[in-house]
Structures are given as C-alpha cells and as structure tokens.
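Colleague: Before planning bench work, I should like to go through the ligand site and the aromatic pairs with you. Shall we begin?

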Amino acid sequence: MAKLELLPAVDVRDGQAVRLVHGESGTETSYGSPLEAALAWQRSGAEWLHLVDLDAAFGTGDNRDLISEVTGAMDIKVELSGGIRDDDTLAAALATGCTRVNLGTAALETPEWVAKVIAEHGDRIAVGLDVRGTTLRGRGWTRDGGDLYETLERLNQEGCARYVVTDIAKDGTLQGPNLELLRTVCAATDRPVVASGGVSSLADLRALADLVPLGVEGSIVGKALYAKAFTLEEALEAVAK
Ligand SMILES: O=C(O)c1ccccc1N[C@@H]1O[C@H](COP(=O)(O)O)[C@@H](O)[C@H]1O
C-alpha cells in the first residue's frame, strides 16, 4: 500500500514564513526566512514542499520573486498556491518549476477558465477545496463560494486530477484533522485527496495514513512542525510503511 505523503508548509506573508489561525489575516505568527524554512524541511527528508503566497491569496500584494527563489532552490517537489487566478499568474507559477499548483478562488469564480487549464495542464493543476462546514471559501477564505459537493462533482467531470481539502475551522489550531470530511470527500471522488488543517500529533498522521486506501494521498503539515509538536523526521517515520 502507498504511504501517506507529507507536505510541510511554508506560507509567506510580507516576505516572512508565517502560520495563521483559521487562515485569518492578522493572526500571523512569524517564523523567519521562507527560504531557510523550506531548506530545513528539505534537509529533514521532505519529498514535497507546500508553498503558499498568502499576500496573493488575500489580495494584499504578492511575494512572487521570493516564491520563485524558494521554488528554484528546492531539489524536492513543490506544490504552489495563492493568487493563481488567471493566465498570467498561472504562467508565472508554472514557470517557477513547481511540480503543481493549487487553484482556490478561481475554481469558484471562473470555472470555465479552470476547466480550460485542467484540460491543458492535467496533473500540474490541483484544486484547493477550502471549506467551512460544506461551504467553499475563496478570496483569502473571506467569501462564500458555493457548495463543496456540487463543485466537486463539476470538477470531477472536468477531469480535475487532485484535490487539496482544507477544513478552515481546523487550520492552524492543532485540534486534529477532520477525518469525517476527508472520508466524505473521498467517497465523492476517485481522484487523490491531500488533507490540510489541524494536524497536531503523530497519532493524527497515523489516522490520516489509515485513510490512504480511501484516497487520501497526502497531508499538509504546518503549525505542528513550527510549534515543534514533533519533528519532520519523526513524522516521516510515523507514516513510513
Ligand atoms: O494556507 C492558508 O493558511 C490560507 C489562508 C487563507 C487563504 C488561503 C490560504 N492558502 C491557500 O491559498 C490557496 C488559495 O489561493 P487562491 O484563492 O487561489 O488565491 C489555497 O490553496 C489555500 O489553501
């Protein structure tokens, strides 16, 4: 059986690596240089980096040059998110050499464009399904964007390769992942699902690893690593099969 992939997160706001609580602007805790953080996860054995331009997601500018520098410095796979909403931002994101991008707001607001780029770029495109309850949220998680399962059905039909599912209520809280949400999403799609939000312990990672047969492919890990709840080496060992 495949092992759960782990994607340590580096979220960038105003040039710094930060963690937010519930994704709310203004709740930032700063963890210094994004490049140093990313290199540290790579040295610790990460195979993936989940890299987010939060300013681009919130519409408060962007960290494009820094994101490009970090991606270029990585020998590992990079999943890039935040503010990728049109041809120009998508071209810039893909030109960094990242492995894939996550589209959030665009999947809610410009579905025709998203269907087009899914058709063009295949599994280099994932859709981030960021939810409160079963309502999707876009524009920095500040606006409702429709029903999770209706959108999922549409994206399945359009050939979306992968979903990154974030329970906003859990994100940055160290309260444990929403396993029920992940089970329900996996039942509604045959595409791989990357879990995001709430991981607090090695036990949480083992619980997520138990969902691999259902379709959970990986888990983003953020706050728990920065808060030193466990090391990345311990996390990788916990999910190694
Ligand atoms: O990761 C976060 O904490 C986060 C918080 C608030 C908004 C977005 C966040 N991250 C990721 O950004 C993309 C969405 O960006 P966009 O809507 O496409 O511009 C998505 O992957 C979120 O999970």
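Modeller: A polar contact is a pair of N or O atoms within 3.5 Å. The model before us is predicted.

Colleague: How far does a polar side-chain atom of aspartate 11 lie from an oxygen atom of the ligand?

Modeller: A polar contact requires N or O atoms within 3.5 Å. The side chain of aspartate 11 supplies a polar atom, and its distance from an oxygen atom of the ligand is 3.3 Å.

Colleague: What percentage of the ligand's exposed area does the protein bury?

Modeller: Other contacts come first: a backbone N or O atom of glycine 83 is 2.6 Å from a ligand oxygen, and a side-chain N or O atom of threonine 105 is 2.5 Å from a ligand oxygen. Taken alone, the ligand exposes 510 Å², and the share buried by the protein is 95%.

Colleague: Which helix gives the most residues to the shell around the ligand?

Modeller: The shell comprises 17 residues, of which 5 are nonpolar, 8 polar and 4 charged. The top contribution, 3 residues, comes from residues 54–58, that is, helix H2.

Colleague: Are the rings of tyrosine 31 and tyrosine 226 stacked, edge-to-face or tilted?

Modeller: There are 2 aromatic pairs in the count. Planes under 30 degrees apart count as stacked and those over 60 as edge-to-face. The centres of the tyrosine 31 and tyrosine 226 rings are 4.7 Å apart and their planes meet at 45 degrees, so the pair is tilted.

Note on methods
Residues numbered from 1 in each chain as written. Predicted model: local features only at pLDDT ≥ 70, side-chain atom pairs only at ≥ 80, totals over all residues. Heavy atoms only, no water. Near = heavy atom within 4 Å. Polar contact = N/O pair within 3.5 Å; in protein donor to acceptor, adjacent residues only side chain to side chain. Areas by Shrake-Rupley, 256 points an atom, 1.4 Å probe, with all protein chains shown as cover. Helix = DSSP H or I, 4+ residues; strand = E, 2+ residues; numbered from the N terminus. Nonpolar A, V, L, I, M, F, W, Y, C, P; charged D, E, K, R; others polar. Phe/Tyr/Trp six-rings, centres within 6.5 Å; stacked < 30°, edge-to-face > 60°.
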